[in-house]
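Okay, thanks everyone for squeezing in. I'll put the structure up and then talk through a few spots in it.

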Amino acid sequence: MCVFGKREEGRKDRVKLKLIVYSRENAQKHLEFFFPVVSYHSKQRKVVQKDWDSKKSTHKTMGLPKVEPPCPKHHLLKHSKEQKLPERKPYKVPVEGIKSSIPSDKPLMGLHTKKNFVQANIVDVQMSVPKKPVPIIVDTRKGNKIFLEPSGLLPTQLYRKDFGKIPDYLIKQSEEEKKAQEEYDAYVKERIRQGSMKMLTEEERNNVLSGLKKNWAELNHAYQSLSILIDTHSKQMHKELLEAKMKKLEQDIDMFEKHKFIYIPRN
């Protein structure tokens with residue numbers, strides 16, 4: 001059912017509406033007359049609709065119609081899907097194998113010995129060495145015991161076989177140093193024989209050493225005379241230069257004091 005309103009003429013200040021009731025078919029025709037709708041309709045529309053209905057209607061049940069529904073008698077039972085062990089078969093003892101493993105020789109029966117086991121045990125106890133007691137120490141008033149040997153309180157290291165001996169690695173190291181010194185001495189002698197090197201005398205060595213110490217004292221005096229506040233870049237550079245020179249002189253002085261024989265090239 002549809003209701004439409006129709007305007008009627010009347011006075012200018014009034015508008016009258018007349019209600020007209022139509023059925024669904026008449027309303028559709030009335031709407032199509034006043035509002036024509038232009039739409040495309042395929043020629044194969046009915047064929048497609050028929051094909052679609054034929055395929056859709058076959059699947060409206062639980063499964064295809066050709067499939068036979070399951071029988072209600074064959075329902076799922078409890079513990080039916082659990083893995084079952086095979087049936088146990090009775091075990092038969094292989095009589096042939098047992099008979100073949102049994103020895104055929106009969107044991108000797110009725111043998112007796114004349115050994116006195118009581119006297120033998122007494123002799124064994126008398127000849128055995130008594131067991132030494134484990135040395136222990138009690139360090140608390142409640143009687144807590146600890147073993148004495150691994151505690152470090154006994155001088156066990158004094159009884160070692162290699163106690164007081166020089167280790168092998170130190171002997172090897174001293175031999176290598178001695179060999180290196182001999183090779184160096186041979187090289188120096190060869191260079192002196194060729195005339196390319198000469199050895200400084202004691203007087204020359206002392207003169208060089210005193211000169212190095214004098215130079216170090218002058219640099220040390222200059223270093224001590226620096227200002228306490230180093231606030232410029234030039235002061236910092238001057239301080240670092242003095243420290244580097246003093247360190248180099250200290251190394252040279254240490255070398256001259258350590259070695260008595262010093263060799264220098266002639267040229």
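Before I name anybody, one cut-off: buried means under 20% relative accessible area, exposed means over 50%, and partly exposed is what sits in between. And keep in mind that this is a predicted model.

So, take glutamate 202. Its relative accessible area is 47%, so with those cut-offs glutamate 202 is partly exposed. Who does glutamate 202 form a salt bridge with? That's arginine 205, and the closest N and O atoms are 3.4 Å apart. Both residues lie in helix H6, three residues apart, which is about one turn of the helix. Now, is arginine 205 buried or exposed? Arginine 205 has a relative accessible area of 9%, and because that is under 20%, arginine 205 counts as buried. So this bridge joins a partly exposed glutamate 202 to a buried arginine 205.

While we're in helix H6, which covers residues 202-224, have a look at asparagine 206 as well. Asparagine 206 comes out at 37%, so it's partly exposed. Its C-alpha atom is 9.3 Å from that of glutamate 257, and those two are 51 residues apart along the chain.

Okay, back to charges. Side chains of opposite charge can pair when their charged atoms come close. How many salt bridges does a search of the whole structure find? Five. You've already seen one, glutamate 202 with arginine 205.

Another one sits in helix H7, residues 233-258, where aspartate 252 and lysine 248 are four residues apart, again about one turn of the helix. For that pair the closest N and O atoms are 3.3 Å apart. Lysine 248 is partly exposed, at 47%.

Then there's arginine 160 with aspartate 162, where the closest N and O atoms are 3.9 Å apart. The cut-off for a salt bridge is 4 Å, so this pair still counts. Arginine 160 has 42% relative accessibility and aspartate 162 has 46%, so both fall in the partly exposed band.

Last stop, and this one's about the backbone. Most residues other than glycine have a negative phi. Histidine 79, though, is not a glycine and has a positive phi of about 60°. Where is histidine 79? In the loop between helix H2 (45-57) and helix H3 (95-101). At 47% relative accessibility, histidine 79 is partly exposed too.

That's my tour, happy to rotate the view if anyone wants another look.

Key:
Residues are numbered from 1 along each chain as its sequence is written. This is a predicted model: local features need pLDDT of at least 70, side-chain atom pairs count only at pLDDT 80 or more; totals for chains, interfaces and linings use all residues. Side-chain values use heavy atoms; hydrogens and water are left out. Helices (H or I, at least four residues) and strands (E, at least two) are DSSP runs, numbered from the N terminus. Buried means under 20% relative accessible area, exposed over 50%, partly exposed in between (1.4 Å probe, protein chains only). A salt bridge is a side-chain nitrogen of Lys or Arg within 4 Å of a carboxyl oxygen of Asp or Glu.
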